[in-house]
Amino acid sequence: MRWLTKAYNLGFGKRYLESNYCLNHPSLERTLFGLHFKNPVGLAAGFDKDAMFIDELACLGFGFIEIGTLTPKAQDGNEKPRLFRFPDDAAIINRMGFNNLGVDAAVIRLKNRKTNIIIGGNIGKNKITPNEEAIKDYEYCFNKLFDVVDYFVVNVSSPNTPNLRELQEKKPLSDLLIRLQNLNLSHPKPKPLLLKIAPDLSNSQLDDVIEIAIKTKLSGIVATNTTIDRDGLTADKEVVDNTGAGGVSGKPLKQRSTEIIRYIAKKTKGTLPIIAVGGIFTGDDAIEKLQAGASLVQVYTGFIYEGPAIAKKICKSLIK
Ligand SMILES: Cc1cc2nc3c(=O)[nH]c(=O)nc-3n(C[C@H](O)[C@H](O)[C@H](O)COP(=O)(O)O)c2cc1C
């Protein structure tokens, strides 16, 4: 990112980056929940948590960038080391724990951004906030970000904030989404509100999520976050065990994530838009997700291993 920022700030840097990494083509354009995406390949949440690099990342050809997860107060996240690469498995295990500088700081940066790339605001709660008071944290972030993001993602699926995923249960999830949607609808122009889910949900939990999503008129689902399942890793069991807690992303997540997308698309007969994320490295991976029923895709681990040209490469395949 240091290199990218330097390149961006050189005289012709921005134009050089754009000409190397951006691909524009009418067949890539998508309109979804009232937003116009120049292409369907986004950068997933957790990479630019604090909206530090929006202008630079926009030069790498992404169709949209999801910032966050942001919380009301700044917090350090978990102790380091907290991110582990498993290159032979094309995977990462992370337990970052929502390290971020707080939503207020991000708002200032978003106000000052130069590019008009579509921004998703992924929101969560502080570690010290008990689940019973979680709604307040989500509300705070929602209100602060309302004027500076294009869509919202409610993150209740990170495995790295203690008990967060309990908010995916029927009653707390329903309460949270009703409250946020009411807030949203009090604006003359409400923003698309999406929910990001874990890949570890059972079918009956997925049924509950779908029911709530429809009841609260969500704009869509982001599927999926990282998994707590270690089965997809071929790395030595002892090495994996020694890594400790955290979520697995990348290739081992791909299949489960696609299954979830297919399940939701089938159950809702394609009426609930899905942003696919989990193990996308290539154009074929992205096509698999789109064919399973997703409308847009996002990458994180693929970006780490494939490098800055990933969006362009996927877009190239999609054009073909
Ligand atoms: C280091 C790291 C940090 C992440 N932080 C967040 C986060 O703050 N919020 C979130 O919703 N997802 C976060 N994610 C999950 C990704 O957005 C994505 O859902 C997941 O990694 C699966 O996609 P992938 O296989 O392309 O990496 C993070 C992932 C990684 C690897």
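**Exercise 1. Determine whether Thr 224 is buried or exposed, and describe its surroundings.**

*Solution.* Step 1: Thr 224 has a relative accessible area of 2%. Step 2: the cut-off for a buried residue is under 20% relative accessible area, so Thr 224 is classed as buried in this predicted model. Step 3: along the chain, Thr 224 belongs to the loop that runs between β10 (220-223) and α8 (237-243). Step 4: once neighbours within four places in sequence are set aside, the contacts of Thr 224 include Lys 196, Ile 197, Ala 198 and Pro 199. Leu 253, Ser 257, Ile 260 and Val 277 are also in contact with Thr 224.

**Exercise 2. State in which strand Gly 247 lies, and which residues Gly 247 touches.**

*Solution.* Step 1: the strand that holds Gly 247 is β11. Step 2: with a relative accessible area of 0%, Gly 247 is buried. Step 3: leaving out residues up to four places away in sequence, Gly 247 touches Ile 92, Ile 93, Asn 94, Pro 159, Asn 160, Thr 226 and Thr 227. Step 4: Arg 230 is 17 residues from Gly 247 along the chain, and their C-alpha atoms are 8.8 Å apart.

**Exercise 3. Locate the ligand and identify its polar contacts.**

*Solution.* Step 1: the ligand takes up the space of the largest pocket. Step 2: there are 24 residues around the ligand, of which Ala 45, Thr 69, Gly 250, Gly 279 and Thr 301 come nearest. Step 3: at least two residues of this shell come from β4 (64-70), and at least two from β11 (247-250). Step 4: the polar distances to ligand oxygen atoms are 2.5 Å from a polar side-chain atom of Thr 301, 2.7 Å from a polar backbone atom of Gly 279, and 3.0 Å from an N or O atom in the side chain of Asn 122. Step 5: on its own, the ligand has 600 Å² of accessible area, and the protein covers 98% of this.

**Exercise 4. List the buried residues of helix α10 and find which elements they pack against.**

*Solution.* Step 1: α10 spans residues 283-292, and its buried residues are Gly 283, Asp 285, Ala 286, Lys 289 and Ala 292. Step 2: an α-helix has 3.6 residues a turn, so residues three or four places apart point the same way. Step 3: the buried residues of α10 pack against two helices, α9 (251-267) and α12 (310-319), and two strands, β12 (274-277) and β13 (296-299). Step 4: Gly 293, just after α10, adopts a positive phi of about 125°.

How values were computed. Residues numbered from 1 in each chain as written. Predicted model: local features only at pLDDT ≥ 70, side-chain atom pairs only at ≥ 80, totals over all residues. Heavy atoms only, no water. Buried < 20%, exposed > 50% of the residue type's maximum accessible area, 1.4 Å probe, protein only. Helix = DSSP H or I, 4+ residues; strand = E, 2+ residues; numbered from the N terminus. Contact = heavy atoms within 4.5 Å. Near = heavy atom within 4 Å. Polar contact = N/O pair within 3.5 Å; in protein donor to acceptor, adjacent residues only side chain to side chain. Areas by Shrake-Rupley, 256 points an atom, 1.4 Å probe, with all protein chains shown as cover. 1 Å grid on protein atoms, 1.4 Å probe; cavity = no way out; pocket = protein on both sides within 12 Å on 5 of 7 lines; lining within 4 Å. Sits in = over half its atoms within 2 Å of the grid points.
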